[in-house]
Every structure is written in C-alpha cells, then in structure tokens.
Amino acid sequence: MVNGFTQVDPVGAYNRFMAENWSGQYTRVGQNKVKGSPHLFGKAFPGQIDYGNGMFITKEKVLYNLLDQKAGPEVNGEIFEADNKPMQFILDLPRENGGKKLFKHSSAYGNEKLNAYFNVVTDGAYVALLKAYKIKLSPDPTNMMDKDLKLFEQYTEYYVFLHANGGSLQKIKLKKKDIMDVLSKIPGAAEKANKSNGDFSNEDDMKDLFLSVNM
C-alpha cells in the first residue's frame with residue numbers, strides 16, 4: 001500500500017504543543033525543573049486494565065507514566081498502584097493521539113528486566129511489530145539559557161518479536177535494512193516485502209506488511 005499522505009506524528013505534535021503552551025507547575029527531577037507531564041500525552045484516558053488473569057477490568061480513566069513505566073487507574077491525578085502491576089492495558093486514545101491502543105508488558109515478550117510496556121501495533125503467527133513510548137529530559141526550547149530548566153519530551157522506539165524457537169525480541173528502526181533483516185528469518189516474508197509498495201518508514205504501511213507476513 002502506498003500512503004499518499006504524510007503520516008501524522010501525534011507524539012511530535014504533543015511535544016511541540018507542550019513546549020509552546022504549557023503553563024502548569026514544574027516537576028523536580030534531580031536538580032532539574034521540568035515542565036510538561038511524564039504521562040503519555042499528558043493525561044489519563046478511558047481504558048481497561050488486566051492485572052494478570054487475562055480479564056480486562058474497565059476503569060473510568062487510566063494513567064500511563066512513561067518516566068517510571070507504570071500504569072493504573074487515575075485517582076486525584078496520580079496512579080493508584082495495586083499489589084500487582086498490570087500485565088496489559090488498553091487506552092482509548094482520541095484519533096489525534098493515534099486511536100485505541102493495546103499495551104503489553106515486556107515480560108509478555110520474554111524480557112522482564114526491560115520493564116516497559118509495548119504498544120502492540122500488530123502480532124500474529126510469526127512476528128509482532130511493537131512500539132514503545134519513552135520519555136527524556138530535553139532542554140526547554142523556549143528558555144535555552146537556563147540549563148536546569150528541562151522539558152519532558154516523549155518519543156517512540158520500535159521492536160519486533162519473532163515467535164520461532166522460543167521467541168526473540170530486538171529493537172529496530174523503521175527502515176528497509178532493519179525490516180528486511182527481520183523478515184529474512186521468516187520463510188517467504190522477504191519476497192512479500194520486495195513486492196510491497198509500502199514505505200518502510202511508515203508505521204501504517206509496515207503494519208500492513210507484517211499482517212500479510214503473518215497470514
């Protein structure tokens with residue numbers, strides 16, 4: 001599939017908006033005063049949480065803290081932490097933030113130590129395409145002279161999980177070299193990729209490609 005439109009970057013749009021329009025209180029992180037929010041897109045969203053028994057519990061609002069990689073029901077602007085951490089959760093994000101997304105803990109893909117949540121872009125018989133939402137402290141573009149003044153900058157990383165031989169997780173970039181390297185390990189997948197007209201840097205196109213590989 002050829003994507004005729006520039007793919008919208010909800011994270012980049014959110015970062016720009018926060019840098020230019022934020023007027024809340026600073027968060028102290030070490031010696032830094034940080035503006036913005038450590039929560040995904042800055043707030044809680046309607047969602048569902050599974051604490052490990054495979055049953056999604058509907059919550060009115062769910063917060064996902066990217067700095068601590070914690071998620072849970074929102075209570076007075078904070079995450080209510082249950083005895084067990086969520087193994088997976090769903091956020092009903094509005095369209096401008098990318099739409100509804102399923103997140104699974106990294107332990108579901110063989111890595112407990114990573115202690116992160118992956119947005120499952122697509123998963124199937126052979127391979128999963130996963131996206132991790134991360135956060136870093138960046139210089140405040142509106143006040144570059146104050147070195148202690150920072151901005152919570154959200155960003156994304158991509159991973160793939162190959163189900164064969166017990167499973168293997170690896171970090172990739174959305175570029176042809178990385179994706180072809182992954183698909184070369186799945187019989188017939190590279191041929192499908194070579195016939196595809198998709199943009200290897202476009203998440204939607206790669207979702208379609210991975211869907212076809214998993215058929």
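Two strands are taken to pair if DSSP finds at least two bridges between them. The tour below applies this criterion to a predicted model.

**First stop: β10 and β11.** Select residues 127-139, which form strand β10, together with residues 149-162, which form strand β11. These two strands run antiparallel and are joined by 13 bridges. To fix the register, display Ala-128 and locate its bridge partner in β11, Phe-161. Then colour β10 by accessibility, with residues under 20% relative accessible area counted as buried. Because 10 of its 13 residues are buried, β10 is largely enclosed by the rest of the structure.

**Second stop: β9.** Keep β10 visible and add residues 117-122, strand β9. The pairing of β9 with β10 is antiparallel and comprises four bridges. Asn-119 may serve as a marker here, since its bridge partner in β10 is Lys-131. Follow the chain from β9 into β10: four residues link the two strands in a hairpin.

**Third stop: β4 and β5.** Move to residues 57-65 (β4) and residues 70-75 (β5), an antiparallel arrangement joined by four bridges. Leu-63 has Gly-72 of β5 as its bridge partner. Four residues lie between the strands of this hairpin, and in the turn Gln-69 shows a positive phi of about 50 degrees.

**Fourth stop: β6.** Retain β5 and select residues 78-79, strand β6. Two bridges pair β5 with β6 in the antiparallel sense. Glu-74 stands opposite Ile-79 of β6. The hairpin of β5 and β6 has two residues between its strands, and Asn-76 adopts a positive phi near 55 degrees.

Key:
Residues numbered from 1 in each chain as written. Predicted model: local features only at pLDDT ≥ 70, side-chain atom pairs only at ≥ 80, totals over all residues. Heavy atoms only, no water. Buried < 20%, exposed > 50% of the residue type's maximum accessible area, 1.4 Å probe, protein only.
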